[in-house]
Amino acid sequence: MVQLKLFIISLILHALSIIEGKADRLESYNVDQNKVSISGISSGAAMATQMHVIHSADFMGVGIIAGVPFACSGGNLVGALACMQTPNLESVSSFERLTSSGAFLGNVDSTYHMRHDKVYIFAGQSDSVVKPGNGPNIQRYYNHYTLHSNVKTVFNINAEHGQPTDNYGGTCNVLSKSNYLNNCGYNAAFELLNWIYGDLKVPEAGKPLTGQLKTFDQSTFFHLSVPITYSFDNDGYIYVPSGCADKQTKCKLHIALHGCQQGRHFINDEYVKHAGYNEVGEANNIIILYPQITPIPTNLNGCWDWFGYTGAYFATKSGFQITALDRMRRQVIGQ
């Protein structure tokens, strides 16, 4: 009954947003198609891993904060919870076999595309939601496909579950349930982007942003349904650095995926404005795309689908969320 009420509320909110008017269509920009990367926190990290593995031919790197290995959930919620809490029971070799069979069947890109990609993995020592033992498991998984020298791990920070920042959020080693943003004196957004791209400029502290943070209509990426069918919000966000606005400069694209209870339904634009990506993007001509998930009865916490709530093909090229994200990527780069 509670789930039904929440679903009805979501439908009402969806209808009201249509009445109020849709956001603008997502524009295309002058993007180097070889400079596209993705990252995420928590369920966003799991989805970032899925996108990277499934479409590895289209990404040069991935950042994983408080994530889990690819295929860890087994396609169900019980498996997902076990994966989060008991990483010592995970069989990384079985995840590798699933990936290889998926590549053979064409459900994911050929794994050789990951060979030279950059991989950044963060696991907080005090993470009580996604146990830090998942970090080394992700590392072992990627070491099977990627040059070991291209995998960076950060396992030595006493951080709870959340996005580590250097200037915003709750105490680093305390669970901040209001926004899952942790002030750790560590800018994870910069560190992962710098690892992926290399030689980035450090944002100047306190310097005002001169780019544009825009909303965009996510419904255009669903051809036979409305976004909420697959737990997408009506609107997403995109940060366009001032150096990329006129579309004359060749820019980079990074897709940043929020975690559970971090979408705009829960915390408005707090993650989008304070996770640290915009400042790095502005200083280095990196466009930041922020797709948004919203709760539905099978996904009350507004998580990305890494455990099968949208269907059996959630972690393949045919997955509904995977398809929508890929369409967004293609739109931004003009492909």
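The legends below describe a predicted model, first as a whole chain and then in several close-up views.

Residues are numbered from 1 along each chain as its sequence is written. Because this is a predicted model, local features need pLDDT of at least 70 and side-chain atom pairs count only at pLDDT 80 or more, whereas totals for chains, interfaces and linings use all residues, and side-chain values use heavy atoms, with hydrogens and water left out.

**View 1. The whole chain, with 10 helices and 11 strands.** Helices (H or I, at least four residues) and strands (E, at least two) are DSSP runs, numbered from the N terminus. The radius of gyration, taken over C-alpha atoms, is 18 Å, close to the 20 Å of the globule rule for 335 residues, so the chain is as compact as a globular protein of that length; the rule itself is 2.2 Å times the number of residues to the power 0.38. The C-alpha trace spans about 50 × 50 × 40 Å along its principal axes. Of the 335 residues, 53% are buried, where buried means under 20% relative accessible area, exposed over 50%, and partly exposed in between, with a 1.4 Å probe and protein chains only.

**View 2. Strand β3 and the strands paired with it.** Four of the five residues of β3 (residues 118–122) are buried, so this strand is largely enclosed by the rest of the structure. Strand β2 (residues 61–65) runs parallel to β3 and is joined to it by five bridges, with Lys-118 in β3 as the bridge partner of Gly-61. Strand β4 (residues 151–154) also runs parallel to β3, through four bridges, and here Tyr-120 has Lys-152 in β4 as its bridge partner. Two strands are said to pair if DSSP finds at least two bridges between them.

**View 3. The β-α-β unit made by β3, helix α5 and β4.** Helix α5 covers residues 134–143, and the unit is right-handed. The term right-handed applies if, with the strands pointing away from the viewer, the path from the first strand over the helix to the second runs clockwise.

**View 4. The surroundings of His-52 in helix α2.** This helix covers residues 43–54, and His-52 counts as buried, because its relative accessibility is 0%. Leaving aside residues up to four places away in sequence, His-52 touches Ile-38, Phe-59, Val-62, Met-114, Asp-117 and Tyr-142, a contact meaning heavy atoms within 4.5 Å.

**View 5. The open sheet of β5, β7 and β6.** Its three strands are arranged in the order β5-β7-β6, and the pairing is parallel. Both β5 (163–165) and β6 (170–171) stand at the edges with a single partner strand each, so one side of each is left without a neighbour in the sheet. Two bridges join β6 to strand β7 (residues 181–183), and the bridge partner of Thr-171 in β7 is Asn-183.

**View 6. Two loop residues with positive phi, Asp-199 and Ser-231.** Most residues other than glycine have a negative phi. Asp-199, with phi near 55°, is found in the loop between α6 (188–197) and β8 (212–217), and it counts as exposed because its relative accessibility is 82%. Ser-231, with phi near 70°, lies in the loop between β8 and β9 (235–240), and Ser-231 counts as buried because its relative accessibility is 0%.
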